[in-house]
Amino acid sequence: MTLKKDLSIDFLGVKCENPFFLSSSPVGSNYDMCRKALEAGWGGIYYKTISVYIPNECSPRFDIASKEGTPWTGFKNMEQTSDKPNEVNFGYIKKLKEDFPSKVIVSSIMGSTDEEWAFLARESEKAGADLIECNFSCPQMTSSTMGSDVGQNPDLVKHYCEVVSAATCLPVIAKMTPNIGNMEIPARAAIEGGAKGIAAINTVKAITNLDIDKMVGMPIVNGKSAVSGYSGAAVKPIALRFISDLKHDPVLKDVPLTGVGGIETWRDCLEFLMLGAENLQVTTAVMQYGYRIVEDMISGLSHFMEDHGIDRLRDLVGVALKNIISAEELDRSYKVLVQINEDKCVGCGRCYVSCYDGGHQAIQFDSQARRATIDEDKCVGCHLCLNVCPVMDCITPGKIVFKDGEAPHDLSLKTQYL
């Protein structure tokens, strides 16, 4: 059943009909593409990053990572900024704003000098963009004066945010690189430089595959390859970690954040929102499934809100943050042993192999009867077996055992994995 709740939310003072935006990438790189996306229901567009520099792209420039019979788990992209002249791109932004006045158009820009950053900021405002995103994070630029090399330098991030903020009245978003240990450092610098919001994350530097016959990485460009950006579902855990880090930082906790990285389903959207993102960006899922994937996001999130009695999207933002704590704060006083539902067990032996070769040898396996049993004296409650079992709800959490010297107390646990 189609259900549409009010998913509107203000982001940096701009009203968005929903939080779902195309990220600055090949999926939003001309007027016709963006028009089709907006008509499909996206709340806005982060137009593909515009620079004064016009890149000379390689061919091919995409590759994927997969596992067994799954579709893409990850996507490698060697593409750079927009290959169109500035007047064309800003003309598209102007026309999009004229034709879709209720939608939000963000101009994503990348310069290599003060003059370039200021010029691009002024042209963005002139074209009618609602917001400006400073791309400090693209990992495949051919110049060290642009992209993630800049994003790893807090002084440059701060300086360019100052330059852009001085050149425009529009709110500025700084897009962070994940190719760094501590994202809070350049993010704080961006805010000090005048940025009003943070975008996290861009793609992760990676080599997806090697052609083992040719002995070269993929994709192959005249017998060679290069490290470049990795996206898709595989990077979602990395993105969520960085968003949590940013929102737990005392300086950044109240800074509006747009979440990027591996968003494919309405559940992914919900997870980003619950960790504090107010706005969401998508690329790789669109490449696989098309613009209409936004319908699933709208419907799924609407049904979740209806089921949980939530009327405002804003009420979901950041609700899970209090439950992400430091490792030393975790309750280590107990262990949760597992139990096996013999009626559901198919006798594959996966749990036995994983526990013996990668765990604590706490599962015994009768090879004749094809049945596994738990040795409770050896089980440490790691739940490796639960995670490798191919039958849903066959291995589940069972008995709770408090460690020696620990007083029993109430626990909040996950017991159902359906």
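This passage describes the domains, the barrel, the strand pairings and the internal spaces of a predicted model.

The domain assignment divides the protein chain into domain 1, covering residues 9-323, and domain 2, covering residues 334-402. The C-alpha centres of domain 1 and domain 2 are 41 Å apart.

A barrel is formed by 8 strands, which close in the order β3-β4-β7-β8-β9-β10-β15-β16 with parallel pairing. From one strand to the next, the twist averages 25 degrees. Within this barrel, strand β4 (residues 44-50) is paired with strand β7 (residues 104-109) through 5 bridges in the parallel sense. In this pairing, Gly-44 is placed opposite Val-104 of β7. Helix α3 (residues 114-127) packs on the sheet and touches β4, β7 and β8 (131-135). The direction of helix α3 makes an angle of about 165 degrees with that of β7.

Antiparallel pairing is found at β14. Strands β6 and β14 run antiparallel and are joined by 3 bridges. Phe-75 has Ser-231 in β14 as its bridge partner. Strand β11 (residues 204-206) also pairs with β14 in the antiparallel sense, again over 3 bridges. Here Lys-205 stands opposite Gly-229 of β14. Strand β14 thus has pairings with β6 and with β11.

The model contains 4 cavities of 30 Å³ or more. The largest cavity encloses about 410 Å³ of space. Its lining comprises 33 residues, and those closest to the centre of the cavity are Ser-24, Ser-25, Asn-202, Thr-203 and Thr-283. At least two lining residues each are supplied by β4, β6 (74-77), β14 (228-231), β16 (279-282) and α9 (284-289). Among these elements are β4 and β16, both of which belong to the barrel, together with the paired strands β6 and β14. The greatest contribution to the lining of the largest cavity comes from α9, which gives 3 residues. By class, this lining consists of 12 nonpolar, 18 polar and 3 charged residues.

The second largest cavity has a volume of about 110 Å³. It is lined by 13 residues, of which Cys-355, Ala-362, Cys-379, Cys-382 and Cys-385 are the closest to its centre. These five residues have numbers that fall within the bounds of domain 2 (334-402). The lining of the second largest cavity holds 10 nonpolar and 3 polar residues, with no charged residue. In the largest cavity, by comparison, the lining includes 18 polar and 3 charged residues.

The open space was examined in the same model. The largest pocket holds about 630 Å³ of space. Of the 20 residues in its lining, Tyr-334, Ser-412, Leu-413, Lys-414 and Tyr-417 lie nearest the centre of the pocket. The elements that provide two or more residues to this lining are β17 (334-340) and α12 (384-388). The residue ranges of β17 and α12 fall within the bounds of domain 2 (334-402). Divided by class, the lining of the largest pocket has 10 nonpolar, 5 polar and 5 charged residues.

Definitions and conventions: Residues numbered from 1 in each chain as written. Predicted model: local features only at pLDDT ≥ 70, side-chain atom pairs only at ≥ 80, totals over all residues. Heavy atoms only, no water. 1 Å grid on protein atoms, 1.4 Å probe; cavity = no way out; pocket = protein on both sides within 12 Å on 5 of 7 lines; lining within 4 Å. Points joined across faces, edges and corners; volume = space filled by probe spheres on them. Helix = DSSP H or I, 4+ residues; strand = E, 2+ residues; numbered from the N terminus. Nonpolar A, V, L, I, M, F, W, Y, C, P; charged D, E, K, R; others polar. Pairing = 2+ DSSP bridges. Axes fitted to C-alpha atoms, helices over the stretch in contact; angles between N-to-C directions. Contact = heavy atoms within 4.5 Å. Domains from an automatic or database assignment.
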